[in-house]
Structures are given as C-alpha cells and as structure tokens.
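Welcome, and thank you for taking a look. Here is a short tour for someone meeting this structure for the first time.

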Protein chains: 2
Amino acid sequence: MSKIVQKYGGSSVGDVEKIKAVAEKIIKEKKTGNDVVVIVSAMGKTTDSLFSLARQINSMPPRRELDLLLSTGEIVSVALLCMAIENSGYKAIGLPGFLAGIYTDTVHTRAKIKKIDPKKILYELANDKIVIIAGFQGISAEESITTLGRGGSDLTAIAIAGAINADRCEIYTDVEGVFTTDPRIVPEAKIISEISYEEMLEMASAGAKVMQARAVEIAQKYKIPFMVKSTFSERGGTMVKEMTLEEGAVVTSVTLDEHQAKITFFNVPDKPGIAAQIFGELGKENINVDIIVQNVSKQDHTDLSFTVASSDMEHALEISKRQGEELKAANVICDDNICKITIIGLGMANHPGVAARMFKVLAEEGINIEMISTSEIRVSCVIRKNQGKKALKSIHNEFFK
Amino acid sequence: MSKIVQKYGGSSVGDVEKIKAVAEKIIKEKKTGNDVVVIVSAMGKTTDSLFSLARQINSMPPRRELDLLLSTGEIVSVALLCMAIENSGYKAIGLPGFLAGIYTDTVHTRAKIKKIDPKKILYELANDKIVIIAGFQGISAEESITTLGRGGSDLTAIAIAGAINADRCEIYTDVEGVFTTDPRIVPEAKIISEISYEEMLEMASAGAKVMQARAVEIAQKYKIPFMVKSTFSERGGTMVKEMTLEEGAVVTSVTLDEHQAKITFFNVPDKPGIAAQIFGELGKENINVDIIVQNVSKQDHTDLSFTVASSDMEHALEISKRQGEELKAANVICDDNICKITIIGLGMANHPGVAARMFKVLAEEGINIEMISTSEIRVSCVIRKNQGKKALKSIHNEFFK
C-alpha cells in the first residue's frame, strides 16, 4: 500500500461537474488500495472575486483579514469535494489548513510553512478515509489564518507529501505537463517527461508559467519528487525530481518573457560602491532586478543597464532617476520594448558551445542581442520585443527539431 | 467603560454598502469609549446558496462537511466587516468561531455550545481592538467545525455576552423590535418595549418569527438581558429580560401559526398507556407534538386529537395509522386546514378571565374553536385556517385597542 498525494488546482474544480469528475479520479486511486491525500484550491475564479469584494470595502485591505477572507475559497472546495466522494460511497474527511496541522510564520498573504504536524492526516488515513485538505493556507503562532501566496496550493501539496513521506505526489492542472516551450506560440512544443528541480526553478524565473518557485524549492530541499499532469487527460505528465548533470538534457526548455523592461544609466562614474548604491535602493523598495550588464569603462565612466518586471518599471525608474542625479549620471532612461529569451538545460554544464548555438540562430535571423546573462544551466538574451516570438520558434527548432 | 455585544444578522450585512453602514454603527459605539464585540451572520442569502451548491453535489450532504461549507459564509462577513472598520481608522480583529473560543458538542448542523473560553476576546479588547466574531459556528472536541443551526448567530451573541459579562447585548435585525403581532397582517401592531424571556419562548413556540428558542433559553438560564432593535433605524427596540409576574402585561402579544396540522384518532380504547404508546412512537421519529386534546370517554372509548407542524403531517400520519391499527381505533385522519392563534402575557397568571375575553371575541366573530390549550401565561386556540387572519385582527384589537 502506497501513500499518494494529489493536488487539484482551481481550474480542475471550477464547477460542480468538474468536482464530481475529480472525485471519481480520486476514488479510482483509492480503489487500487492506496492511501490518498488530496490538496485542493479554490474553485475557478473564487479567489479573484473575494479579492475584488475586499477592494470594494477597503482599497488597501488589511492583510490579516484578507487572509481570513481568501482562506474560505479553498474550504468551500474541500467541503464540496468530500461531499462528492461520499456520494459515491467512499469515506472522506475535509480539513482546513489549520486542522491539517499546517503551521506558518506570521507574514500574511505570503506566509512560509514553518512546520507540518501530520498526526491528524495519518490518523484519518489509518481510518481508511480519503483526506481532503485546503491548499494555500495555514495558521500562525499568533493563531491567525495565513495564506501562502498565489500558487500556494502546490506548496501545500509538496510540503504534505514530504511530511507524510508520500510515495507519489501528483500536481494536477489544466495542461498535460511541462512543455519544452509555450505551445500557444510554438505548436511543435513537446512535453518534457523528466526535469530537474534546478531547471524548473530556472524556468519559473525565466517567466514560464509553470509552478511557484517556492514550491519547487521546498521539493528540492527535501528531495520530494512530484509529477505535473492533466486532470482531464491520461496523456503526458512531467516528472520533476533530483537529476545529475549527466542525466540532464543539454537543453530542456526555451522560454520567452515579454514582461520585462530595461533601465539604463548613461555615463556614471566607474568607482566602487555605485552598483551597491543603485541596487540597494531598489532592493529596499522590493523591486527584483533580473539581468545586470555593465559596459567597459571609458574615461572612468561607464553605462549600466538592468532589467526589471515591466510592472515595476515606473517605480524603478523613479528611484533610478533620483540615484542618477546623486551619481551625476548623464541620463537615466527606460525601455519596455524588450523581451527575454532563455534556454535552460542541466546538461549544458557538461556541453560547451550551447550558448554559441543560440547566438548563431539569433544572428541568422538578424536579431540583435542587447544583453546576455548566463548561469551554469541557463543562457538568457534580451532582444527587441517584436522579435521575441520569431526567436523562440527558431531556437526551439534548433534544439528540439 | 462598558462591554457591549452587538449582533448583526444576514440582512444587515447583505451587500458592500450595508457592511460599510454597519461598520459606522459599530465605530459610533466604540467612540463612546466602550469595548465592542460584534457577532455577524453570513451576507444575505449566502447560506442558502452554499446549501444549494452542496445539494447539487450530494442530495444528502454529509453533515460534517456541510458545517465546514456553511461556516465559510460568516467568515467572509467577518473579514469584510473588519476591513470596513479599519478603513475608517479603527483597529479590528476578525475571529472565526473556533478562534473565538467557542466549543460545541459534535452534533453537526445543530451543535450546542458546551463552553466559551473568552481569553482571546478579552485579550484583543484590552488591546483596544473591536472584536468581530463569526456567528453560528464553533469547534467540537473532535476538532471539526460545527454550526449551531438556523438563527445560531443570536445564540453566539448571547453566549458571548454571558461569557464576557457584557453590560449590554444588542441583537440588530431588519425590524424595529418585537411586535404585539405580525404587522404585515395587523398594521396596528405595536413594538413591545419590554418582554420577559418566558414570553419570548412562548412566542417562538407559538409560531412568531422572533428568535431561535435556544438563544432565548440560554439568555434566561444565565440571566443575560438583551435588546432586539433595527440596524437601519434608531426607533423602537425591545428589551428582553427577567421580569416578575407583577411587571408583566396581561397580554403581550397575539400570534398566528398557519403551519399546523391536526391528526385525530377516533374511538380508541380509553385505557392506561395508550397516549404513551402513540406519542412515544412520534417522539422516536423526532416529531414534535404541540397541542393534545382527549375527549370525555364514552363506553370505555375516546377520541384523541393532536397538532404537529404541517411539514411533519405526512410522516406523523403514517406512524399514526400504524398505531391506529394496533390500538383498533375506528379511524385515523388528518387535517391541515387549521391554524393556531395564541395570546401570551406574563400578567395573565395574576389576572383571571383573560382566556374568556379571547373566547368571547371568537364567538362574536362566529369562529368555532376546535382545540384549546393553555399554560400559565398562554392561551392557544385551534380554528379553521381561513378564519385565522380575521381572528388575529379582532383579538389584537381587543387587547391593544
């Protein structure tokens, strides 16, 4: 007998019929004789509606009460899913996060899980019950309901899989797995059958809409393998697990991020402490800087460019202009007509020349590279936004033909 | 400084604008320097919608999960009300039932409060916070969320008022108080300024849509006075409290219950144990019997009639027919073309002749009385249903002219 953790996202439980279908899927697993623990998100757009209700009352809803409000969405799904399972004659028990033993810190709306006490879950499994748990939520030491931030249900599933030492952890979603690139742009995109935690993390930070980085980090830290697969199809499925560099593909995925903006400081004095000052100020305001490029110095002056999420551009520019004046930069400008294209592959570390293949494809397409950033298993290029999709297709074709 | 408990029902927090208005009302009380604890119900028809969602999934929703589902409705109101209060610059904290220390038994969908631990409430009041608590819910010793049944928020409010030794307990609703009779039928109905617990209980069992009997019983048991008043108007208000027979009015209210049915056993043997057998069987099936009338015996046989809620009639008739065969009754019939009219008054106990005045009014209107039942502070008559409203008007006119 194995212990199986399954997680169903909001689109998988979007209406009454889908909830019934998910219940049948869960029962199918239970019928094989396994213990089943299910983590479930709020139905469809529930979280968005609750948030909008809150905004009608208070344009800056207090975070503690926002968590209390949002936590109800998952509880509704839990209760309904239990009812659907019991309707088919199987025993189920629904647990809000706090009753499932999920203890978090006190940082409302993006709490971190501190501890999971699986006593109650294991007790109910021993009673032959299917255990249904509300994702995305827990309780703090101050006895307040907390939520884990968007995508937090994945985190709940992985943390619980670790806490009960599950044999399998399955993340069900509305796609058939993790793709080599965005299939809406490149129809030839393939499902990746196996991928390492590191690659998943690089994909998330490269802008691929896969899983919340924190969920993957926890899986990596505690070595919890998990499967991403479709609720509505038996095909596909991507196994995310620990892999050696030797096991890894040279290129696993190609990712395009069109929500990037670039800020450039022209002609700042090239002396120690300048970068620390600029990025220190941005960090204080919680602005994540992605790629940083500094030109070769001329006459003790240099140009400095960096990218931020385009939603942060205005705020980052305002801070940068203040910094630019203090540092006596010639000018500070911004540009959101850019995009970032990234190739990721664990095997890249052992295979020189992968970056060169990427640059060659871009050159052949006549695409100018404005910024480059690399890690051991990743190469990112910033190019003009209107060339992004063409670049994605050509690079995908180069590595996945 | 006084401790005030306020309870707002679902119609008082039916939409965003009403929630804002309630927040202002609460702040007004807080501004006087008092400590304020608020109990709130689910918004408008939320509980009904959640119940209907459950029924779409499972026609007999398991009670434990139904409680988990329904409990979310009040939590949403709590969170939104806190947000509205904080938007006006006051500090509030929202507590679901289980965090407010409300411990119940394990009878799902109609749990009884076993204990209230007011530690958290008192702690937050000491921190100058307005404490907003989800009505209608608690947690059982098995760590399951429970609900207290329809009208359970009133019970929460009264129990908390008792637990924190509140100076005032105010039940806000969409009417201006408790009326001498139903103002939709008798426009001359007046608001009762003071009423005893006993009279409120008699009114509830006489079919008046006032408060859940259990809430009043708890108030009576622990001598917790409370005020029923309107959320939307400063007028009116009914104080419910301990009163002596001397303080009571001869007639406080006149009530019409049109949801009654009568079952009659004809010609059953008049010997010991018959009534015990009939009503024992009905009790086992949870059918409440209201008025019982037994005729004078003729030739060791008698007729026996009793009333039940019309929703129980079919079920009660089925049981009664079985009993009738065993007891060799000549016949067992039912009739739901009846209604029950009741006068209630604490002072009635000290004033003979009140019942006679009621019978006289009915006689003058040509209305035949089919059954009579009395207590120290109540007289009920069963009459034809189509004469109910006329009887109500005439009797109200007799006592409240």
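## A guided look at the two chains

A good place to begin is a loop of chain B, the one between strand S4 (102-104) and strand S5 (113-116), where B:Thr109 is found. Keep in mind that this is a predicted model. B:Thr109 is not a glycine, yet its phi is positive, at about 75°. Is this residue buried, exposed or partly exposed? B:Thr109 counts as partly exposed, because it has 16 C-beta neighbours inside 10 Å.

Chain A offers a residue of this kind as well. A:Asp128, again not a glycine, has a positive phi of about 70°. This residue sits in the loop between helix H4 (119-126) and strand S6 (130-134) of chain A. A:Asp128 is exposed, because 10 other C-beta atoms lie within 10 Å and the cut-off for exposed is 12 or fewer. As background, most residues other than glycine have a negative phi. A glycine can be added to the list: A:Gly89, just after H3(A), takes a positive phi of about 90°.

The table puts the three angles together.

| Residue | Phi |
|---|---|
| B:Thr109 | about 75° |
| A:Asp128 | about 70° |
| A:Gly89 | about 90° |

Now step back to chain A as a whole. Its fold has eleven helices and 18 strands. With a radius of gyration of 23 Å, close to the 21 Å that the globule rule gives for 401 residues, chain A is as compact as a globular protein of that length. Along the principal axes, its C-alpha atoms fill a box of roughly 80 × 50 × 35 Å. Of the 401 residues in chain A, 49% are buried. Contacts also reach across the sequence: among those in chain A between residues at least 6 apart, 74% join residues at least 24 apart.

How do the two chains meet? The contact takes 27 residues from chain A and 27 residues from chain B. On the chain A side, the elements that give two or more residues are helix H1 (16-31), helix H2 (46-57) and helix H3 (63-87). Which of them gives the largest share? That is H3(A), with 14 residues. By residue type, the chain A side divides into 18 nonpolar, five polar and four charged.

H3(A) deserves a closer look. This helix has 25 residues and reaches 37 Å from its first C-alpha to its last, close to the 36 Å expected at 1.5 Å a residue. H3(A) is also mostly covered, with 23 of its 25 residues buried.

How are the two copies arranged? A turn of 180° and a shift of 0.1 Å along the axis lay chain A on chain B with an RMSD of 0.2 Å. That is the relation of a two-fold axis. Which residue of chain A comes closest to the rotation axis? A:Thr72 does, with its C-alpha at 2.7 Å. The copies meet through the same surface, because 100% of the interface residues of chain A are also interface residues in chain B.

Finally, a word on confidence. Chain A averages a pLDDT of 94, and 100% of the residues score at least 70. For the complex, the predictor gives an ipTM of 0.84 and a pTM of 0.86.

Notes: Residues numbered from 1 in each chain as written. Chains lettered and ligands numbered in written order. Predicted model: local features only at pLDDT ≥ 70, side-chain atom pairs only at ≥ 80, totals over all residues. Contact = placed C-beta atoms within 7 Å. Helix = DSSP H or I, 4+ residues; strand = E, 2+ residues; numbered from the N terminus. Nonpolar A, V, L, I, M, F, W, Y, C, P; charged D, E, K, R; others polar. Rg over C-alpha atoms; globule rule 2.2 N^0.38 Å. Buried ≥ 20, exposed ≤ 12 C-beta atoms within 10 Å, placed from the backbone. Least-squares fit on C-alpha atoms with pLDDT ≥ 70 in both. pLDDT = per-residue confidence, 0-100. Expected span 1.5 Å × (residues − 1).
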